[in-house]
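Thanks for coming. I will go through one protein–DNA model today, taking the contacts first with the DNA and then between the chains.

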There are 2 protein chains.
Amino acid sequence: MNTAPAASSASADEPRWLTDEEQRVWRSYIEAATLLEDHLDRQLQRDAGMPHVYYGLLVKLAESPRRRLRMTELAMSAKITRSRLSHAVARLEKSGWVRREDCPSDKRGQFAVLTEEGQEVLRRHAPGHVDAVRQAVFDRLTPEQQKSLGEIMRIVAEGLQPSGTGADLPWLR
Amino acid sequence: MNTAPAASSASADEPRWLTDEEQRVWRSYIEAATLLEDHLDRQLQRDAGMPHVYYGLLVKLAESPRRRLRMTELAMSAKITRSRLSHAVARLEKSGWVRREDCPSDKRGQFAVLTEEGQEVLRRHAPGHVDAVRQAVFDRLTPEQQKSLGEIMRIVAEGLQPSGTGADLPWLR
DNA sequence: TGATGGAAGTTGAGACTTCAAGCAAGTTCG
DNA sequence: CGAACTTGCTTGAAGTCTCAACTTCCATCA
């Protein structure tokens with residue numbers, strides 16, 4: 001959402017306002033992103049009893065060797081803060097879907113580990129979730145649009161990355 | 001975020017999992033959306049003292065005749081629930097940027113009205129916000145990509161619209 | 001008129017997020 | 001070694017969001 005003050009020939013230090021067309025694009029983005037997030041949150045909350053982000057965390061763990069990830073690593077890969085992750089894992093632990101384990105090589109470190117029940121929850125609800133994503137996004141877009149969306153979002157994500165590739169974690173050797 | 005169980009020839013009732021390429025697209029989308037929301041929230045919270053959604057509400061009001069909108073109308077146009085809006089307006093009211101006014105023609109109705117200070121806050125912080133949006137999105141995309149993004153998001157948003165065009169509000173005559 | 005159902009908006013509790021502060025363990029370097 | 005700094009992660013409080021009531025008022029229709 002943006003403002004568009006009276007159109008004017010850009011003066012020296014006048015900010016570069018969005019053009020009408022840019023505003024339409026931006027508005028569409030915001031609306032779609034808002035609706036989509038909401039939609040997926042609602043779907044997963046109803047069916048699986050957790051918000052979309054939490055589901056994403058379980059997926060990341062499921063895809064990882066030994067179904068575990070260091071807290072920081074998980075936070076980075078999910079693009080959330082450690083604090084947020086800490087709270088999230090606490091809740092997932094309470095639900096029995098994740099368990100914490102001490103890191104042997106670094107006494108400060110913690111692993112988040114997907115439990116058996118966590119895997120079961122994923123197995124049970126993945127189909128419904130994929131469906132939701134398909135219906136909301138992929139089924140509505142042409143292959144070219146899908147490709148385009150991927151490229152665009154990759155570019156945007158890259159530009160916002162906390163800095164560096166992030167692949168400079170010591171534990172990754 | 002999705003799961004991709006062992007690839008298999010889709011059996012009768014096997015859900016249509018995302019292909020590898022679709023997964024990459026989806027992952028990029030989620031990452032970009034997460035980072036972007038976070039980035040804008042942080043920027044606005046730091047500079048203007050409110051999250052991105054709240055800023056969006058002020059903008060909607062600023063663009064409306066007499067700088068006011070019925071609660072339901074504002075909620076729909078911002079794609080959020082009435083409940084959320086109710087809380088949000090309460091907070092914006094406390095900050096002095098919005099004021100509520102009774103609707104003369106419907107005693108249940110409320111207008112959210114942008115105050116003078118609300119306008120001032122927008123004036124002061126719009127440039128910084130536009131900058132942030134430009135840097136994160138528009139400056140990184142080609143004109144074709146911008147256009148494409150607009151089309152794609154318009155399609156997705158349309159598919160998730162609560163149903164109907166929503167333009168069937170009585171007060172709009 | 002007045003019963004019924006729907007619409008507008010609010011509320012409170014609980015869940016989630018943010019922010020700043022904090023603790024403990026690793027690292028650096030004189 | 002040990003002070004100073006950094007890293008990994010957690011914590012609590014304050015802010016925000018969701019969900020399910022709930023209140024009030026409007027609209028319909030007999």
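A polar contact, as I use the term here, is a pair of N or O atoms within 3.5 Å. Keep in mind that this is a predicted model.

With that cut-off, start at DNA strand D. An N or O atom in the side chain of S83(B) sits 2.6 Å from a base nitrogen of DNA strand D. R108(B) also reaches a base there: one of its polar side-chain atoms is 3.2 Å from a base oxygen of DNA strand D. Q110(A) instead uses its backbone, with a polar atom 2.8 Å from a phosphate oxygen of DNA strand D. Which elements give two or more residues to the surface near DNA strand D? From chain A they are α1, α3 and α4 (82-94), and from chain B they are α2 (52-62) and α4 (82-94).

There are 24 residues around DNA strand D, and those that come nearest are T72(A), S86(A), R100(A), R108(A) and S83(B). By class, the surface near DNA strand D has eleven charged, eight polar and five nonpolar residues. On the DNA side, sugar or phosphate holds 69% of the atoms of DNA strand D within 4 Å of the protein, and bases hold the rest.

Now DNA strand C. Here too the count is 24 residues around the strand, with S83(A), R84(A), T72(B), S86(B) and R100(B) coming nearest. Of the atoms of DNA strand C that come within 4 Å of the protein, 66% are accounted for by sugar and phosphate.

Three contacts from chain A are worth pointing at. H87(A) places a polar side-chain atom 3.0 Å from a base oxygen of DNA strand C. R91(A) goes to the backbone of the strand, with a polar side-chain atom 3.0 Å from a phosphate oxygen. For K107(A), a polar backbone atom is 3.2 Å from a phosphate oxygen of DNA strand C. The elements that supply two or more residues to this surface are α2 and α4 of chain A, along with α1 (20-48), α3 (71-78) and α4 of chain B. The surface near DNA strand C has eleven charged, eight polar and five nonpolar residues.

On to the two protein chains. How does chain A relate to chain B in terms of a turn and a shift? A turn of 180 degrees with a shift of 0.0 Å along the axis lays chain A on chain B, at an RMSD of 0.0 Å. That is the relation of a two-fold axis.

The contact between them takes 64 residues from chain A and 64 residues from chain B. Of the interface residues of chain A, 100% are also interface residues in chain B, so the copies meet through the same surface. The area buried between chain A and chain B is about 6,200 Å², and carbon and sulfur atoms give 68% of it.

For the polar part, there are eight salt bridges between chain A and chain B. One of them joins E31(B) to K79(A), whose closest N and O atoms are 3.8 Å apart. Between the chains, 13 residue pairs are in polar contact, both residues at pLDDT 80 or more.

On the side of chain A that touches chain B, at least two residues each come from α1 (20-48), α2 (52-62), α3 (71-78), α5 (116-136) and α6 (143-160). α1(A) gives the most, with 18 residues. By class, that side of chain A has 33 nonpolar, 17 polar and 14 charged residues.

That is what I have; questions are welcome.

Methods. Residues are numbered from 1 along each chain as its sequence is written. Chains are lettered from A and ligands numbered from 1 in the order in which they are written. This is a predicted model: local features need pLDDT of at least 70, side-chain atom pairs count only at pLDDT 80 or more; totals for chains, interfaces and linings use all residues. Side-chain values use heavy atoms; hydrogens and water are left out. Copies are superposed by least squares on the C-alpha atoms of residues with pLDDT of at least 70 in both. Contact means heavy atoms within 4.5 Å. Buried area is the accessible area (1.4 Å probe) that two parts lose on being put together, summed over both. A salt bridge is a side-chain nitrogen of Lys or Arg within 4 Å of a carboxyl oxygen of Asp or Glu. A polar contact is a pair of N or O atoms within 3.5 Å; within protein, one must be able to donate a hydrogen and the other to accept it, and residues adjacent in sequence count only if both atoms are side-chain atoms. Helices (H or I, at least four residues) and strands (E, at least two) are DSSP runs, numbered from the N terminus. Ala, Val, Leu, Ile, Met, Phe, Trp, Tyr, Cys and Pro count as nonpolar, Asp, Glu, Lys and Arg as charged, and the others, Gly among them, as polar. A residue is near a molecule or strand if one of its heavy atoms lies within 4 Å of it.
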